[in-house]
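Student: Please give me a close look at one part of this structure. I should then like to see how that part connects with the rest.

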Amino acid sequence: MSCLVRMRRVLRLLKINPVAGQRSMSQSSLAGKVAIVTGSTNGIGLAAAQALGKRGAHVVVSSRRQANVDKAVALLKSQSIAVTGTTCNVGKGEDREKLVQTALDQCGGIDILVCNAAVTPFFGSIMDSTEEVWDKILSVNVKSTFFMTKLVVPHMEKRGGGNVIFVSSVAAYHPFPGLGPYCVSKTALLGLTQNLAPELAHSNIRVNNVAPGIIKTSFSSVLWENEDVVNEFTKKLSIKRIGQPEDIGGVIAFLCSDEASYITGETITVSGGLPCRL
């Protein structure tokens with residue numbers, strides 16, 4: 001067979017299927033999806049909202065302060081992202097219910113939940129931590145994550161399935177000095193992911209977890225503003241830099257896409273190559 005004949009056959013194939021040999025953009029599109037992102041007015045949460053919104057999802061952003069919500073909504077709208085915003089303290093049951101109801105009222109349903117909101121009100125020796133500290137951290141970082149998921153599952157089922165993403169941390173694997181209770185709460189999210197994934201698979205709901213390394217956000221400033229900590233940490237990395245929120249947002253959007261349709265119950269570490277395992 002001559003090269004000319006082969007070329008003509010290839011051209012005929014391309015006429016029939018213009019995207020032959022490459023993945024259709026529609027497979028990665030989140031157009032028509034509704035995504036709730038908690039703790040999403042700055043840092044990783046905002047980056048997740050941007051990544052989901054740029055792929056076509058209507059994002060529902062939230063945080064505890066109205067001024068922060070307004071600022072994030074204005075920014076996302078300036079980027080041509082469909083967005084709704086409301087205040088929410090995820091540690092309060094009534095606020096969680098309000099957040100879900102806002103998504104239903106304004107957007108008609110829920111397809112994606114990203115649980116990013118977290119607190120770390122304590123820094124010091126874990127032996128100096130109090131019951132009040134543990135109650136606060138576990139309530140916000142773990143318990144509220146489960147109950148947010150429980151709230152959205154019936155609405156995802158009505159839409160034929162969905163995606164739940166938890167934001168953990170490499171602190172789940174590597175103890176960070178001074179952040180003991182926080183580290184334990186992030187380890188708990190690995191277990192929550194693995195327990196929920198098989199439970200919800202029959203409803204076509206995938207549950208995955210993202211574990212960022214040190215990311216340059218205000219939340220982690222206690223770490224990356226300390227030059228000694230950064231230098232010691234980057235020695236262990238393959239990619240010798242501190243991560244950016246966008247590094248995490250893109251991974252979250254991928255896990256919510258059709259390209260990740262066979263991934264559930266997993267924790268994806270995004271840490272510049274830091275070895276992570278329990």
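Tutor: In this predicted model, the side chains of Asp111 and Arg159 meet in a salt bridge, with 2.7 Å from N to O. The term salt bridge stands for a side-chain nitrogen of Lys or Arg within 4 Å of a carboxyl oxygen of Asp or Glu. The pair links distant parts of the chain, since its two members are 48 residues apart. Asp111 belongs to the loop between α4 (93-107) and β4, while Arg159 belongs to the loop between α5 and β5. Helices (DSSP runs of H or I, at least four residues) and strands (runs of E, at least two) are numbered from the N terminus.

The two partners differ in their surroundings. Asp111 counts as buried because its relative accessibility is 6%, whereas Arg159, at 36%, counts as partly exposed. Buried means under 20% relative accessible area, exposed over 50%, and partly exposed in between (1.4 Å probe, protein chains only).

Residues are numbered from 1 along each chain as its sequence is written, and side-chain values use heavy atoms, with hydrogens and water left out. As the model is predicted, local features need pLDDT of at least 70 and side-chain atom pairs count only at pLDDT 80 or more, while totals for chains, interfaces and linings use all residues.

The structure holds 2 salt bridges. One of them joins Arg241 to Asp247, and here the closest N and O atoms are 3.0 Å apart. Arg241 is partly exposed because its relative accessibility is 41%. Asp247 is likewise partly exposed, with a relative accessible area of 28%. Asp247 also falls within the residue range of α9 (245-255).

From Asp111 the chain leads on to β4 (112-115), where Val114 deserves attention. Not counting residues up to four places away in sequence, Val114 touches Ile36, Val37, Thr38, Leu52, Ile165, Val167 and Ile252; contact means heavy atoms within 4.5 Å. Val114 is also one of the members that touch the most others in the largest nonpolar core, which has 32 residues. Leu52, Val59, Leu76, Val210 and Ile252 are also among those members. A nonpolar core is a set of buried Ala, Val, Leu, Ile, Met, Phe, Trp, Tyr and Cys residues joined through side-chain atoms within 4.5 Å.

Several elements contribute to this core. The strands β1 (34-37), β2 (58-63), β4 and β5 (162-167) each supply at least two residues, as do the helices α2 (43-54), α3 (66-78) and α9. The largest share, 6 residues, comes from α2. Another core, of 29 residues, lies apart from this one, and Leu99, Cys115, Met156 and Phe166 are among its members.

The strands that carry some of these residues can be followed from one to the next. β1 and β2 run parallel and are joined by 4 bridges, with Ile36 standing opposite Val60 in β2. On to β3, 5 bridges join β2 to that strand, again in parallel, and Val59 stands opposite Val83 in β3. Strands pair if DSSP finds at least two bridges between them. β2 is largely enclosed by the rest of the structure, because 5 of its 6 residues are buried. β3 is mostly covered as well, with 4 of its 5 residues buried.

Within β2, His58 is partly exposed because its relative accessibility is 22%. Leaving aside neighbours within four places in sequence, His58 is in contact with Lys33, Val34, Ala35, Ala82, Val83, Thr84 and Cys107. Between His58 and Thr84 the C-alpha atoms are 7.7 Å apart, although 26 residues separate the two in sequence.

Just as strands lead into one another, loops join the elements. In the loop between α3 and β3 (83-87) lies Ser80, which has a positive phi of about 60° although it is not a glycine. Ser80 counts as exposed because its relative accessibility is 70%. Asn204, in the loop between α6 (180-201) and β6 (205-212), also has a positive phi, near 60°. Most residues other than glycine have a negative phi.

The whole chain completes the picture. It contains 9 helices and 7 strands, and 49% of its 278 residues count as buried. Among contacts between residues at least 6 apart in sequence, 72% join residues at least 24 apart. The salt bridge of Asp111 and Arg159 likewise links distant parts of the chain.
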